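Grab a pencil and work through these exercises with the model open beside you. Try each task before you read its solution.

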Amino acid sequence: MMGSAQDLRSDAARAHDLRSDAARAQGLGAAGHGSGHFWLQRVSAVANIPLVLALLIACFVHRDAARAEWLALFRSPFFALLTMVAIGNICWHMRLGLQVVIEDYVHTGWRKGAGLMANDFAAALIAVGGLWAVLRLFLGG
Amino acid sequence: MAKKAKPQAAAPPQPSQRVRHARPLSPHIQIYRWTLPMALSILHRASGMALYGGMALFVGFLWLLADGGGAYRLADGWLRSPLGEWLLVLFVWALLHHLCGGLRHFVWDLGYGYGPRATSWLSWLSALLPIAGAALLWAEA
């Protein structure tokens, strides 16, 4: 038998964690995190209710407007700010949402990490792209 | 057993190999009777993913709006075509559906609405309100 490995943890630590050494090393058992994700998803969802509805109504009201009218709308600081906050919140909410989807369906090797990273990049890209577009519309048109 | 037992100890299966020797899942979609909450849950996820893509398109449209010019006129013209109108109606439906589904989940998060009648009410409202809303907006457009 190989030299037996010593468990040098304190009594309190050993009593707290009933996993075997192998299980502990492999990271099996409860994740210990996820409540934050759950809560942030709810917060962004609640924030989305007024923001998305406002954006939807604004777009619907101006559906037949010419470009000039749209530019005038975006030159209003209130509307520009509303849209920016909405874009940011939507992108945050959708990044959290797709993360869960990827974690549900992708388990093999590098694909999971790549998927999660792609989600982060895509959401960030859409957010930055949207914010920049609104800024351009607000400042110059 | 799908795997052949080897006399000497084999290396633990790599993630890709694990998938090849994957045990069959319990059949779910092919066997279980479809229920409305089940369908709505799936649609909630599907609409969320569709909205993610739709968000990218929305930001793209904002870019075109800021640029003005030929590309914007093309996009604007296409959106006013029958196909474009269909896309917008579908997008609004997905948005309203995801919104109602989210509210349904929020009721459950707060601990209410778990009984069979309450679930039935929540489910039917979640299914029908978005359709009615989208139809109303389409009729008004």
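Before you start, one term: a residue counts as buried under 20% relative accessible area, as exposed over 50%, and as partly exposed in between, using a 1.4 Å probe and protein chains only. This is a predicted model, in which local features need pLDDT of at least 70 and side-chain atom pairs count only at pLDDT 80 or more, while totals for chains, interfaces and linings use all residues. Residues are numbered from 1 along each chain as its sequence is written, chains are lettered from A and ligands numbered from 1 in the order in which they are written, and side-chain values use heavy atoms, with hydrogens and water left out.

**Exercise 1. Describe chain B.**

Step 1: Look for helices and strands, which are DSSP runs numbered from the N terminus (helices are H or I with at least four residues, strands are E with at least two). Chain B has five helices and zero strands. Reading from the N terminus, you get α-α-α-α-α.

Step 2: Ask how much is tucked away. Chain B has 141 residues, and 26% of them count as buried.

Step 3: Check the contacts, meaning heavy atoms within 4.5 Å. Take those in chain B between residues at least 6 apart in sequence: 62% of them join residues at least 24 apart.

**Exercise 2. Find the largest nonpolar core and say which elements build it.**

Step 1: Know what you're hunting for. A nonpolar core is a set of buried Ala, Val, Leu, Ile, Met, Phe, Trp, Tyr and Cys residues joined through side-chain atoms within 4.5 Å. In soluble globular proteins, nonpolar side chains tend to be buried together.

Step 2: Find the core. The largest one has 36 residues, and Phe74(A) and Leu62(B) have the most contacts inside it.

Step 3: List the contributors. Two or more residues each come from α3 (35–61), α4 (67–74), α5 (77–105) and α6 (109–139) of chain A, and from α2 (36–67) and α4 (82–109) of chain B. The most come from α5(A), which gives eight residues.

Step 4: Zoom in on Leu62(B). Skip its neighbours within four places in sequence, and Leu62(B) is in contact with Phe74(A), Ile87(A), Ala133(A), Val134(A) and Leu137(A).

**Exercise 3. Are Ala127(A) and Gln41(A) buried or exposed?**

Step 1: Start with Ala127(A), which sits in helix α6 of chain A. Its relative accessible area is 14%, so Ala127(A) is buried. Beyond four places in sequence, Ala127(A) is in contact with Ile87(A) and Cys91(A).

Step 2: Now Gln41(A), found in helix α3 of chain A. Its relative accessible area is 13%, so Gln41(A) is buried too. Not counting residues up to four places away in sequence, Gln41(A) touches His93(A), Leu96(A) and Gly97(A).

**Exercise 4. Describe how chain B meets chain A.**

Step 1: Get the area. Buried area is the accessible area (1.4 Å probe) that two parts lose on being put together, summed over both. Here the two chains bury about 2800 Å², 73% of it on carbon and sulfur atoms.

Step 2: Count the residues. The contact takes 28 residues from chain B and 41 residues from chain A.

Step 3: Count the salt bridges, where a side-chain nitrogen of Lys or Arg lies within 4 Å of a carboxyl oxygen of Asp or Glu. There are four between chain B and chain A.

**Exercise 5. Which salt bridges join two chains, and which stays inside one?**

Step 1: Take Asp109(B) and Arg42(A), whose side chains meet at 2.7 Å, N to O. Asp109(B) lies in helix α4 of chain B and Arg42(A) in helix α3 of chain A, so this pair joins two chains. At 34% relative accessibility, Asp109(B) is partly exposed.

Step 2: Next, Asp120(A) and Arg95(A), with the closest N and O atoms 2.5 Å apart. Asp120(A) is in helix α6 of chain A and Arg95(A) in helix α5 of chain A, so the pair links distant parts of the chain, 25 residues apart. Asp120(A) has a relative accessible area of 30% and is partly exposed.

Step 3: Finish with Arg136(A) and Asp67(B), which meet at 2.5 Å, N to O. Arg136(A) lies in helix α6 of chain A and Asp67(B) in helix α2 of chain B, so this pair also joins two chains. Both are partly exposed, Arg136(A) at 24% and Asp67(B) at 48%.
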